[in-house]
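Here are my notes on the model you asked about. Have it open while you go through the points.

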Amino acid sequence: MSTPILEISGVSKSFGAIKALTGIDFSLAPGEVHALCGENGAGKSTLMNIIAGVLQPDEGDIRISGERAVIANPAAAQRLGIALVHQEIALCPDATVAENIFMPAINTRRAPLMNFRTLQAEAQKVMDLLAPIPVRTKVGDLSISNQQLVEIAKALTLDCRVLILDEPTAALTEPEAQRLFAIVRELRSRGISIIYISHRMAEIFSLCDRVTVFRDGRYVATDEIAATSPDEIVRKMVGREIAQLYPDKLAADEAPGQPLLKVSNLSDGSRCFDVGLELRAGEILGIGGLIGSGRSEMAQTLCGLRPSASGDVEIDGKPVRISAYADAVKAGLVYLSEDRKGSGVFLDMSIAANVSALDLGKLTGKLGLLDRRAETAQATELAKRLGVRMAGVGAAVSTLSGGNQQKVAIAKQLSVGPRVMIMDEPTRGIDVGAKAEIHRLLRDLARRGVGIVVISSEMPELIGLCDRVLVVREGRVAGELVADELSEEAIIMLASGVSNSQNTKQQAQNVA
Amino acid sequence: MTAQIKTEGQGARWNLARLGSMREAGLIVIILALCIAMSFASPHFLTWGNFRAMLMSFSIEGIVVVGMTILLIVGGIDLSVGSVVAFSMVVSGALFLAGLDPWTASLIGIAVSALIGAVMGFFVTVVGLNHFITSLAAMVIVRGLCLIVTKGTPLSLFTLPPAFKAIGQGSFQGVPYVIIIFVVVVAVFDFLLRRATAFRKVFYTGSNEKAAQYSGIRTKQVKFWVTVLSSTLAGFAGVIYMSRFGAATPTFGAGMELNIIAAAVIGGASLNGGSGTIFGAILGMALLSVVTSSLILLDISVYWQDMIKGCILLAAVSIDHLLHRRKA
Amino acid sequence: MTAQIKTEGQGARWNLARLGSMREAGLIVIILALCIAMSFASPHFLTWGNFRAMLMSFSIEGIVVVGMTILLIVGGIDLSVGSVVAFSMVVSGALFLAGLDPWTASLIGIAVSALIGAVMGFFVTVVGLNHFITSLAAMVIVRGLCLIVTKGTPLSLFTLPPAFKAIGQGSFQGVPYVIIIFVVVVAVFDFLLRRATAFRKVFYTGSNEKAAQYSGIRTKQVKFWVTVLSSTLAGFAGVIYMSRFGAATPTFGAGMELNIIAAAVIGGASLNGGSGTIFGAILGMALLSVVTSSLILLDISVYWQDMIKGCILLAAVSIDHLLHRRKA
Amino acid sequence: AENPFKCAPGEKYVMNVMVSGVEYWFPVYEMFKQAGQQFGCETAYTGTPEYDVNKQIATFDQALAQKPAGILVHPMNSDPFIEPINRAIEQGTAVVTFAADSPNSKRVSFITSDNLAEGTYAADAVAKAMDGKGEYAVLENPGQDNHDKRVNAFVARMEAKWPDMKLVGRAASNQDPTKAYQAVLSLAQAHPDLGAVFMPEANSAIGAAQAAKEGGGKIKVMLADVNAKILDMIKAGEIYGSVNPNQGMQGYMGFMLLWLAKHPELIDPMNDTKRSGANGMSVPFVDNGFSIVTAENADDFYWDKYLKRRGTKGIEE
Ligand SMILES: Nc1ncnc2c1ncn2[C@@H]1O[C@H](COP(=O)(O)OP(=O)(O)OP(=O)(O)O)[C@@H](O)[C@H]1O
Ligand SMILES: Nc1ncnc2c1ncn2[C@@H]1O[C@H](COP(=O)(O)OP(=O)(O)OP(=O)(O)O)[C@@H](O)[C@H]1O
Ligand SMILES: O[C@@H]1[C@H](O)[C@H](O)CO[C@H]1O
Ligand SMILES: [Mg+2]
Ligand SMILES: [Mg+2]
């Protein structure tokens, strides 16, 4: 085998008392797509940040094409031909898509003046490879998934030898993901090496050549994809077998119970129109659709997080007026945001404070004082249930890995014992084991009569978890699929509107 | 799990280690170091008279600092505090001169201050302006109101009844009431800010307003009430100043805001919201005060005072920052 | 796709629609409305003399506003500008009195100002303090330096050669040099900020420092140089003030920072960084200036001036905000 | 007998002001110090660099904590100083106010130039120069008592004695030269016939005079107080004139008043003070006079020349 383009040996990294990486070895061959797997908090992102010059290792060596390299900062990494798509989106919200895409180039640009016209034209070309997002838009005005696409586009502009993708598809739907895979394959064929981090086994097996597994900040193994199996990787990651990825659905003879949530005529006048849906006790309702189809906005409008123009909502058979999110919470309806960093967690506050944010009332004593013992207990209990890897519930959420931050966001929703939970991309960034755990938890809640709505861009999740799926297109409910109709093709057809069968239209009308 | 162990170890009880890990530890050390140095440099420093002078000089302002700190935590700022302090004095004073008893007059003065806060809160939460520009306009407007009410001349309130003057000028067992009030206000709000549910929402809102909204917190209400609180405390301070000075000066407190904000920032409050403590802010105030009075005690030439004061300030915050960063 | 159509339609050329969609459109409308109202209220308003007077009154401060705006965009703030303006005057003035020619003296004054900026930049980028506290300390220190150099008395520079005085006092074809310099500085920096590669990095750093770092931008360098730039422009303004007033006053410019920051914020700069334009900031300055001089022209009582001024300011920024929000 | 006019060892007299870095106070302290030296006393110059009554009181209190024999204080606002001054008197420190007063306190004496006379004189001078006819404006610093007195006296005198002098504008310059500059420019726009402008202090005058000059020099600038720049402009004819409180006498007599207040046993006036236990030294008010500064005598008012002539270190001793 030729010299590895990138070789890591004995790299360790600690954050205070936490040892994120211990003596890690890793090697990347030229022109390969190398998957990196591990549970949440295993140290994947930390290693990538070290390679990209964002963090400095405490010890260990990095070799690029056999040469020892000290990567002091991101600029140095770029000079070495290393590009990283960060797990946490890091873009400048006040700048346009075009400027964000070409920011590294602008940084090294010699010419004293900008040429916006060329910049925009070039940026649009790159952007269009992934999705037709207008590049003159400010990034701050984009949905989180579109921002993710901008992040990827940005990395594609770099003239790199090593491209690192840290969970690039976590918020993407199938079509965008497929476009990305095509690009990755193309890059590989040009001899570029790619490190690909994902919790989605199917992607890894369709895209990658080799796979390396980390556990608890240590190197476990590297295998040829052809010589291993998803089960084996999972076993190496988790250290045990995962018996069943998805919990059992409602059996055919188990009729769902009384309606928990009933929505009709919900519109906001701009992004969601005439939405109707019904959720019954015991079932898990999925919502699918393409990026930007308006699923998130639909849910946010329902919960009073965006102003609505019309719509009636019943919870437990009783009509409720929701003009602010606080009304929804009071009525037992909670929403888990897809934008973890932007609206899901308080990064610089403690895990305990994050978990209790949704309902302080129940932690409050007679004098209006917060019972901090109860707060700690609650957070500790939930963190344990969700398997949050942390130093303690007093630690700031910013010190957690992406997946663990997501678990904290979920813990917050669970803390209030809601009637109905709408979860927008609930398992975004969550590892296989924890994901199965969370799915079981959701099913459990559903069985105990809690209404669960799952908005997901991950097709297998919709199909594996939900009893029924609504598909949204351009702000409207395009159709409904019940358990035995659920398939990727069916969802995509409804979502993209290619099928114009009478049947689908009929269904759509029935739902609306 | 390490997590559990640590959590249990950190009981509610105080201990030295915990003290050392507080955000404020660095400042305390720096202030103590300055005091020790000063007590060698000047025989007058470690006297009750000097301490009384230092405490008196910042205790009423300290009440304003409390409100400002909470406002900074929510992500706001209030440039109008100096004007509001003066207006509260002026309104109470004018009402007293018009025949009202000073207690009622003071209550009205404080209520008017709260109202100013409410108007600012309206512009911030309903119109959507930022705190900086709203409170800047309020600063100018309220100062103007002071001039209008007084026609520019200080109101002499020599005739205030002794019982009322006692608040600002009297003492209990040798400890001025002003200092007692200050300590109580600081202690109460420091406690509330750390422990009360209502104030926790201030932190959520300041840390990430959107996430707070997504947690069902009515962040606009939170911002509104914190704005009102800041003005109310400024109004309260104004009334105490009136009692202490026996006068209502329309130009009083001009430029005060910078000192107040500086104290809070030195004490660890962030201008971006989400962090800060009352205790820290008061330490910030104390630091500024100790430095100023040391220079006077040491008989430093007035030409050199500002320069030295600024340098000590810069050195102190640098050291504090480095101490704190080392830990983090 | 609508997106593409939109992109093609919006060429680089100017047109009315684009003007209307500018962040600054609201402010322009408001200032024009005020001017029209004033031209009815006072026959003296719409005269070249009056315009010249208004322009003269804010053009030197306008140079300081330029630096402050860029600093705000990067997420910083500079409370020391007033002191630096004074120090630049004082240093240049003292050197001139010591026998240096005024041009060299001025260059040294500006260089010293840049140096102050560099020291602040050091504390911000290397030590890691925030701009607020660093520049607050600098404000006090530099004011102290002014006192030390002048011993508290204004330096009379009566003997400045006419060629030098002309900068501040002379005019070219009836247009004062001061105004010409101001327009050039504003135009150059407005252009650079919109178009120059180097200045785009200022926006990126202020918008999301981490993202900028990930793109390879040395954000500390960017912050350092912007801090230096702000002080340098303040120093430049100081030299022009010296030429205009023929004096170097150690207390000059105290409190100036608030006005300067207010102008930038009215003009759309955010205290959180990432946004702002020079043109907007200058309009903010113009608004403040028009209001002030209108009150004098209308012979409003001094007691009422502040109140009315504050209310107009509040109304103007509210209207601007609502106009702008409607659009967004 | 032994000369009674001598200080005991360690007997210290303090002068206390706000905006302590500003030139006005230096000549006051210079003579205060000289008197102190002649009596063999220690003297000190204290105060706060800020224009802030709260801070000034803090410095006053601190000076007090050192138990000086007497304090010559310029109270920034009158009533706020009542309690501190009374506390000083109670602890045995004599207090005399200068240039601004705290009339309701127990301070022993108040020494000042006559602000009303200053305003009146300035009005007469301006009116005479304009042949009793024309438009004038004033710049103010609303809230500072001695400044308000000067302005009010100026305006009152015009109304009483010079019926053809018309007040066309009042603007607040708040001791800020750029504000004064803008105000005078605007006033000149609104009133093309503006012939004079008066302000009660020197800081504004630098800006006002520049604006007047740019307006073609028709506007006569009149003020109170001086500094080097003002003097140069007076000499050049760019400023019409100034009334300057006789600061040196303020300091010297201020010291004498303090000293006597601290040593009332030296005097034995025919009154009831012995019986009532009051301080026998009771001179409630002293007028230290003021000078009119014009091009002819301006040279005598330069602080640096004065300092050089006297060979002292000013406030730094
Ligand atoms: N800034 C930090 N401060 C303290 N601890 C940190 C910090 N960043 C990461 N960690 C810790 O380092 C460990 C590894 O985190 P890392 O983000 O590399 O995990 P990951 O494998 O990328 O997980 P995920 O799949 O959830 O993204 C975690 O335990 C995390 O809590
Ligand atoms: N603040 C905003 N301003 C303008 N457009 C926005 C804004 N927020 C979202 N959008 C756009 O609205 C559309 C719907 O977004 P939404 O997030 O609801 O879709 P979604 O179906 O949940 O898909 P996603 O997977 O992107 O979240 C997208 O095109 C998005 O870019
Ligand atoms: O103007 C000066 C000073 O401002 C001070 O108040 C002393 O008296 C006046 O003459
Ligand atoms: Mg990660
Ligand atoms: Mg979505």
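1. Start with the pair of copies. A turn of 180° plus a shift of 0.1 Å along the axis lays chain C on chain B, with an RMSD of 0.2 Å. The two copies are thus related as by a two-fold rotation axis. They also use the same surface: 100% of the contact residues of chain C recur in chain B. Bear in mind that this is a predicted model.

2. On to chain A. UniProt, in an unreviewed entry, puts the feature "domain: ABC transporter" at residues 6-241 and 255-499 of this chain. For the span 6-241 of chain A, the content is 36% helix and 26% strand, and the end C-alpha atoms sit 32 Å apart.

3. Which protein donors does the magnesium ion (ligand 5) have? They are A:Ser296 through OG and A:Glu338 through OE, at 1.9 to 2.5 Å from the ion. A:Ser296 belongs to helix α10 (residues 295-302) of chain A, while A:Glu338 is in the loop between β16 (333-336) and α12 (340-344), so the pair ties together parts 42 residues apart in sequence.

4. Are those donors buried or exposed? A:Ser296 counts as buried, at 11% relative accessibility, and A:Glu338 is buried too, with a relative accessible area of 12%. The cut-off for buried is under 20%.

5. Now ligand 2. There are 14 residues around it, and the ones that come nearest are A:Ser145, A:Arg295, A:Ser296, A:Glu297 and A:Glu338. For polar side-chain atoms, the distance to an oxygen atom of ligand 2 is 2.4 Å from A:Ser296, 2.9 Å from A:Ser293 and 3.2 Å from A:Ser143.

Conventions
Residues are numbered from 1 along each chain as its sequence is written. Chains are lettered from A and ligands numbered from 1 in the order in which they are written. This is a predicted model: local features need pLDDT of at least 70, side-chain atom pairs count only at pLDDT 80 or more; totals for chains, interfaces and linings use all residues. Side-chain values use heavy atoms; hydrogens and water are left out. Copies are superposed by least squares on the C-alpha atoms of residues with pLDDT of at least 70 in both. Contact means heavy atoms within 4.5 Å. UniProt positions are given in the numbering used here, feature names are shortened, and annotations may be inferred rather than shown by experiment. Helices (H or I, at least four residues) and strands (E, at least two) are DSSP runs, numbered from the N terminus. Donors are N, O and S atoms within 2.8 Å of the metal (3.2 Å for Na, K and Ca); water is not among the atoms, so sites may look incomplete. Buried means under 20% relative accessible area, exposed over 50%, partly exposed in between (1.4 Å probe, protein chains only). A residue is near a molecule or strand if one of its heavy atoms lies within 4 Å of it. A polar contact is a pair of N or O atoms within 3.5 Å; within protein, one must be able to donate a hydrogen and the other to accept it, and residues adjacent in sequence count only if both atoms are side-chain atoms.
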